[in-house]
Amino acid sequence: MWGLFELWGTGFLWIEVLMMIFFVIYLLFRNVSIVDLGWSLSFLCFLGMLWFFAEGNFWRYLLLTIVVGAWAGRLTFYLGRRFSPGRDDPRYERILSRWVFSSSLTVKVLCLYLLQGAIASFLCLPFLLIFSNGGSQFSPWEVYGVLVWSVGFWGVATADSQLARFRAEGLLGEGVCSIGLWKYSRHPNYFFEFIVWVAYAMMALGSSWGFLGLMSPCLMFYLLVWVSGIPITEEIAREKYGQAYELYQQKTSAFFPWRPRF
C-alpha cells in the first residue's frame, strides 16, 4: 500500500502533466485564461489518481467523487462557457505584468500554469486523507461535511447565476451587480467557494491525521481574500465603474455575507 506522501507526490505529478497539456493549448491560442479549465479539471485528475493507487472504502470513494465531481463539473462548464479565444482575463494580464523575474511572457505563463498546478495539488490534501480512511462506517464529520458542502455548492452556483443574469440583462454599463447574494457580499461566489473547501476539510476530520486537511481551506481563504481573488478583482472593478463601485464597497461586506451598511 502506498503511503500518503507517495500518493500526494503522484497526484502532484499528474496535475502538473495536465497543466503542461493546457500550456501547449495556450501556445496555440495565446490565451492565458485557458488555465482556469486546467484548474477545475486538476481536482478530478487528482481523484482519478487516487482511484488507481489508493486503498480504502469504496463507498467513501464514491461519495467524495460525487461531491467533487459535481463541484468541478459545474465549475468547468461555467468557465468553459465564459472562455473566449479572442478575449483574455484581465486578472492574469495584471498578475503577469507584475512578475519581473523574466522578460519572456511565455516563461511567465509557464510558471503561472505550474504554480496553479502546485496550489491545486496542495488543496487536494483533504481528498487524500479521506481516501486513506478504510473504515466501513461514515463518521459524523463526513455527514456534516456533505451538508456544509451542499450549502457551499448552492451558494456559489446561485451567485454565478445571478451575476450571469445581471450581465445578460445588459445592466453592467449602468452600475454594479447588487442583486440577490451580491447585495450582502461583494464576492459571494468567493465566500461560498471557501465554504465548499471547509466542507472537504470537515469530511477529512473523520480520518487519521484529518486535521491536516484544515490547511486547505486556510490556503483558499488566503488566496481569495488577499492574493488573486478580491484585491485584483476589486482593482479592476474600481477602474471600470469608478464611484459606483466605491459606493458599493462602502455599503457591502467584502467577503462574509452581511446586511448592507446603509
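Reader: Can we start with one residue: what does Phe 256 count as, at 45% relative accessibility?
Author: Keeping in mind that this is a predicted model, Phe 256 counts as partly exposed, because its relative accessibility of 45% lies between the cut-offs of 20% for buried and 50% for exposed.

Reader: And which residue does Phe 256 form an aromatic pair with?
Author: The structure holds 36 aromatic pairs, and in one of them Phe 256 is paired with Phe 191, edge-to-face, with 5.7 Å from centre to centre and 70 degrees between the planes.

Reader: Where in the chain are Phe 191 and Phe 256?
Author: They belong to distant parts of the chain, 65 residues apart, since Phe 191 is in helix H8 (residues 188-204), while Phe 256 is in the segment after helix H11 (243-251).

Reader: Is Phe 191 buried or exposed?
Author: Phe 191 is buried, because its relative accessible area of 13% is under the 20% cut-off.

Reader: What about Phe 221 and Trp 226, how are their planes and centres placed?
Author: The ring centres of Phe 221 and Trp 226 are 5.5 Å apart with the planes at 85 degrees, and because that angle is over 60 degrees, this pair is edge-to-face. Trp 226 itself counts as exposed, with a relative accessibility of 57%.

Reader: Which residues do the ring pairs link into a cluster?
Author: The cluster is made of Trp 154, Phe 191, Phe 192, Phe 194, Phe 221, Tyr 222, Trp 226, Phe 255 and Phe 256, linked through ring pairs.

Reader: New topic, helices: how do the axes of H5 and H9 cross?
Author: The axes of helix H5 (residues 105-123) and helix H9 (residues 215-227) come within 8 Å and cross at roughly 140 degrees. H5 is therefore oblique to H9, as the angle is not over the 145 degrees needed for roughly antiparallel.

Reader: Which residues make that contact of H5 and H9?
Author: From H5 there are Ile 119, Phe 122 and Leu 123, and from H9 there are Met 215, Ser 216, Leu 219, Met 220 and Leu 223. Sorted by class, the contact of H5 with H9 has seven nonpolar residues, one polar residue and no charged ones.

Reader: Ser 216 catches my eye; is Ser 216 buried or exposed?
Author: Ser 216, which lies in helix H9, counts as buried at 0% relative accessibility. Beyond its neighbours within four places in sequence, Ser 216 is in contact with Leu 123, Pro 126 and Trp 197.

Reader: Which elements do the buried residues of H9 pack against?
Author: They pack against helix H2 (35-53), H5, helix H6 (125-131), H8 and helix H10 (230-241), and the buried residues of H9 include Ser 216, Pro 217 and Met 220.

Reader: Since H8 came up again, how do the axes of H3 and H8 cross?
Author: The axes of helix H3 (residues 58-82) and H8 come within 12 Å and cross at roughly 170 degrees. That angle is over 145 degrees, so H3 is roughly antiparallel to H8. Among the residues that meet there are Val 67 and Trp 71 in H3, with Glu 193 and Trp 197 in H8. The contact of H3 with H8 has nine nonpolar, no polar and one charged residues.

Reader: Last one, which residue's face does Arg 91 lie over?
Author: Arg 91 lies over the face of Tyr 92, at 5.0 Å from the ring centre. Arg 91 is also 10.0 Å from Pro 231, C-alpha to C-alpha, although the two are 140 residues apart in sequence.

Methods:
Residues are numbered from 1 along each chain as its sequence is written. This is a predicted model: local features need pLDDT of at least 70, side-chain atom pairs count only at pLDDT 80 or more; totals for chains, interfaces and linings use all residues. Side-chain values use heavy atoms; hydrogens and water are left out. Rings of Phe, Tyr and Trp (its six-membered ring) pair if their centres lie within 6.5 Å; planes under 30 degrees apart count as stacked, over 60 as edge-to-face and the rest as tilted. Helices (H or I, at least four residues) and strands (E, at least two) are DSSP runs, numbered from the N terminus. Buried means under 20% relative accessible area, exposed over 50%, partly exposed in between (1.4 Å probe, protein chains only). A charge sits over a ring if NZ of Lys or CZ of Arg is within 6 Å of the ring centre and within 35 degrees of the ring normal. Axes are lines fitted to C-alpha atoms, for helices over the stretch in contact, and angles run from 0 to 180 degrees between N-to-C directions. Angles under 35 degrees count as roughly parallel, over 145 as roughly antiparallel, 65 to 115 as roughly perpendicular and the rest as oblique. Contact means heavy atoms within 4.5 Å. Ala, Val, Leu, Ile, Met, Phe, Trp, Tyr, Cys and Pro count as nonpolar, Asp, Glu, Lys and Arg as charged, and the others, Gly among them, as polar.
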